[in-house]
Amino acid sequence: MIEFKSKEFHIKRIANCISEEIKLRQKFDQHLVLGLATGSTPIPLYDELVRLHTEENLSFRNVYTFNLDEYCGLEDNHPESYHTFMNVNLFDKVDIPRENIFIPSGQIEPLFERDYCEGYEQTIKDLGGIDIQILGIGRSGHIGFNEPGSSVDSITRKVKLHDITRRDAASDFGGFDNVPTHAITMGMKTILSANRIFFMAFGEAKQEITKRAFCGEITDDIPASHLQKHNKKTICIDFNIN
Ligand code: GLP
């Protein structure tokens, strides 16, 4: 389903859906597994989840989270790491147990990368899979850090970042050359296995690539295009903002 509504509408709607699902699971003493994204796009969603926690008593005690990706070579506490991003924007502000949070490490020795990535996949499976996946899109057409050429069968692994992706991150890192060249990302298969997906694209800069992803052919050259095949997804679009 593609929905052209305001960004505010989309954010409230996704946050309410997550909140209702968390509360439903609490009633039955069950947990909920969220797949989480970074970047500027999901920040208002995290703000709304924090508001629901502080103002409406929504508890995250039964929630597990798996982040899509992390830059290789960054310590967890690096200001631009996705660990820091998630702590600042969500985890430090809600009552999720620390042991329920999973973010790929950017500090794995090459020799152990493969085992580490398989372990990440296994942990997701052991918890019953991802119930709700939040996604944004990069201008290269990536989801997570699945850059053009990523196969639909790919699982969590180390990848080389596209130059467009590194250019887009350059200002955060104080220059293109400071942007890590590689990352660990959940694979396309990992993402497409989520039970429900909310994809968000806000602002004019995302219009062209989003159109190619959802109105063009399904191709590994635009990894996000594989989302066309997911049967429980909501495409939340608002291009009328900067
Ligand atoms: C990074 C993340 C993606 C995210 C993308 C877009 O590349 N790995 O998961 O979708 O940024 O970021 P923004 O929302 O800031 O445009």
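**Two sheets and a pocket**

In this structure, which is a predicted model, 7 strands come together in an open sheet whose order is S1-S10-S9-S6-S2-S3-S5, and the pairing between them is parallel. Strand S1 (2–4) and strand S5 (101–102) stand at the edges of this sheet, and each has a single partner strand, so one side of each is left without a neighbour in the sheet. A second open sheet is formed by 3 strands, in the order S4-S8-S7, and here the pairing is antiparallel.

**The parallel sheet**

- Strand S9, which covers residues 196–202, pairs in the parallel sense with strand S10, residues 233–238, and the two are joined over 6 bridges.
- Within this pairing, Phe198 is the residue that stands opposite Thr234 in S10.
- Helix H4, made of residues 113–126, packs on the sheet, where the helix touches both strand S3 (63–67) and S5, and the direction of H4 makes about 150 degrees with that of S3.

**The antiparallel sheet**

- In the sheet with the order S4-S8-S7, the edges are taken by S4 and S7, each of which has a single partner strand, so one side of each is left without a neighbour in the sheet.
- When direction is ignored, neighbouring strands of this sheet are turned against each other by 30 degrees on average.
- S4 and strand S8, the latter covering residues 182–185, pair in the antiparallel sense over 3 bridges, and the bridge partner that Glu70 has in S8 is Ile184.

**The largest pocket**

- The largest pocket has a volume of about 690 Å³, and of the 31 residues that line this pocket, the closest to its centre are Thr38, Gly39, Ser40, Tyr71 and Tyr82.
- Strand S4 (69–71), helix H3 (82–89) and helix H5 (163–173) are the elements that give two or more residues to the lining of the largest pocket, and H5 gives the most, with 6 residues.
- By chemical character, the residues of this lining divide into 14 that are nonpolar, 11 that are polar and 6 that are charged.

**Aromatic pairs**

- The structure holds 7 aromatic pairs, and one of them is formed by Tyr71 and Phe145, whose rings are tilted, with 5.4 Å centre to centre and 50 degrees between the planes.
- This pair links distant parts of the chain, since Tyr71 lies in strand S4 while Phe145 lies in the loop between strand S6 (132–135) and strand S7 (157–160), and the two residues are 74 residues apart.
- Tyr71 thus appears in two of these topics, being a member of this tilted pair and also one of the residues closest to the centre of the largest pocket.

Note on methods:
Residues numbered from 1 in each chain as written. Predicted model: local features only at pLDDT ≥ 70, side-chain atom pairs only at ≥ 80, totals over all residues. Heavy atoms only, no water. Pairing = 2+ DSSP bridges. Helix = DSSP H or I, 4+ residues; strand = E, 2+ residues; numbered from the N terminus. Contact = heavy atoms within 4.5 Å. Axes fitted to C-alpha atoms, helices over the stretch in contact; angles between N-to-C directions. 1 Å grid on protein atoms, 1.4 Å probe; cavity = no way out; pocket = protein on both sides within 12 Å on 5 of 7 lines; lining within 4 Å. Points joined across faces, edges and corners; volume = space filled by probe spheres on them. Nonpolar A, V, L, I, M, F, W, Y, C, P; charged D, E, K, R; others polar. Phe/Tyr/Trp six-rings, centres within 6.5 Å; stacked < 30°, edge-to-face > 60°.
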